[in-house]
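Trainee: Could you take me closely through a single part of this model, the strand that sits among its pairing partners, and then set it beside the helices and the loops?

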Amino acid sequence: MSTHAHGTQNFDKAKRATIKFSDEIMAQVQEIIKRYPTGKQKSALLPVLHIAQAEFGGWLSPETMDYVASILSIRPIEVYEVATFYTMFHTQPVGKCTFEVCQTSSCWLNGAEDIVRYIEKKLNIKVDETTKDGMFTLKTVECLGSCGTAPMLQCGASFHENLTFEKVDALIEKYRSENRLRSYTDLDYNNTL
Ligand code: FES
């Protein structure tokens with residue numbers, strides 16, 4: 001079944017055969033590819049990876065990355081290199097909602113560490129872990145460019161700023177009740193909490 005290993009994930013040929021964009025999503029992908037000159041379709045890699053991550057469970061499995069490589073006519077290693085470089089891409093399974101708490105200077109000075117500890121306690125997980133129900137993953141990331149509203153976290157396309165423990169409680173409740181995958185391609189993002 002498995003032909004080769006990619007990191008700690010095995011490549012599964014049978015699973016690879018099931019990875020395919022719907023016609024609607026493929027049309028969006030082709031539109032993105034068309035923005036670039038012929039032969040330069042690799043330039044579409046980042047937006048296509050975001051779509052793939054949102055479409056195939058919130059993370060990029062080796063099979064998904066292989067599929068993206070085939071669409072862009074590039075080598076799988078070229079996709080792996082990019083996917084493993086950016087923290088916005090997950091190469092291990094994550095929960096439906098990934099809390100990415102900024103831990104850089106301004107956020108750190110304004111209590112990011114306390115926010116991380118609070119979320120850990122509340123969700124009963126540590127950083128880089130996912131809750132047993134598959135709902136939440138907690139990560140720490142570097143500056144997200146919202147330093148004036150520190151401390152903050154990102155979940156999918158939404159920024160949540162000026163965090164307090166009460167805001168974290170409300171966020172967890174809101175996302176739990178919505179119970180759906182949050183991705184960077186969400187169009188209904190809001191920063192109201
Ligand atoms: S330091 Fe946290 S957003 Fe910049």
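Mentor: In this predicted model, strand β3 (residues 97-102) pairs with strand β4 (residues 136-141) in the parallel sense, and the pairing runs over six bridges. Within that pairing, E100 of β3 has K139 of β4 standing opposite. β3 also pairs with strand β5 (residues 153-155), here in the antiparallel sense and over two bridges, and in this second pairing E100 stands opposite Q154.

The surroundings of β3 can be read from its burial. Six of the six residues of the strand are buried, and β3 is therefore largely enclosed by the rest of the structure. In a regular strand the side chains alternate between the two faces of the sheet. For β3, one side carries C97, F99 and V101, the other carries T98, E100 and C102, and both faces are covered, with all of these residues buried. E100, which stands opposite K139 in β4, thus belongs to the buried set on the side with T98 and C102.

Between β4 and β5, the two partners of β3, there is a loop that holds P151. The peptide bond leading from A150 to P151 is cis, with omega near -5°, a detail of the backbone to keep in view when following the chain from β4 to β5.

Two further backbone details concern asparagines. N162 has a positive phi of about 50° although it is not a glycine, and its place is in the loop between β6 (158-160) and α8 (165-178). N162 has 13 other C-beta atoms within 10 Å and is partly exposed, since a residue counts as exposed with 12 or fewer such atoms and as buried with 20 or more. N179 likewise has a positive phi of about 50° without being a glycine, and it lies in the segment after α8. With 10 C-beta neighbours inside 10 Å, N179 counts as exposed.

Turning to the helices, helix α2 (residues 23-34) and helix α3 (residues 45-55) pack at an angle of about 165°, with their axes 10 Å apart. An angle over 145 degrees counts as roughly antiparallel, and α2 and α3 are therefore roughly antiparallel to each other. The crossing in which α2 passes α3 is right-handed. On the α2 side the contact is made by I25, Q28, V29 and I32, while α3 contributes P47, V48, I51 and E55. Sorted by class, this contact of α2 with α3 has six nonpolar residues, one polar residue and one charged residue.

Helix α3 also packs with helix α4 (residues 62-72), at an angle of about 140° and with the axes 11 Å apart, which makes α3 oblique to α4. The crossing of α3 and α4 is right-handed. In this contact, L45, V48, L49 and A52 of α3 meet T64, V68, I71 and L72 of α4, and by class the contact has seven nonpolar residues, one polar residue and no charged ones. V48 of α3 therefore appears both in the contact with α2 and in the contact with α4, given that residues count as in contact when their C-beta atoms lie within 7 Å.

Note on methods
Residues are numbered from 1 along each chain as its sequence is written. This is a predicted model: local features need pLDDT of at least 70, side-chain atom pairs count only at pLDDT 80 or more; totals for chains, interfaces and linings use all residues. Axes are lines fitted to C-alpha atoms, for helices over the stretch in contact, and angles run from 0 to 180 degrees between N-to-C directions. Helices (H or I, at least four residues) and strands (E, at least two) are DSSP runs, numbered from the N terminus. Angles under 35 degrees count as roughly parallel, over 145 as roughly antiparallel, 65 to 115 as roughly perpendicular and the rest as oblique. A crossing is left-handed if the near helix is turned anticlockwise from the far one by less than a right angle, and right-handed if clockwise. Two residues are in contact if their C-beta atoms, placed from the backbone, lie within 7 Å. Ala, Val, Leu, Ile, Met, Phe, Trp, Tyr, Cys and Pro count as nonpolar, Asp, Glu, Lys and Arg as charged, and the others, Gly among them, as polar. Two strands pair if DSSP finds at least two bridges between them.
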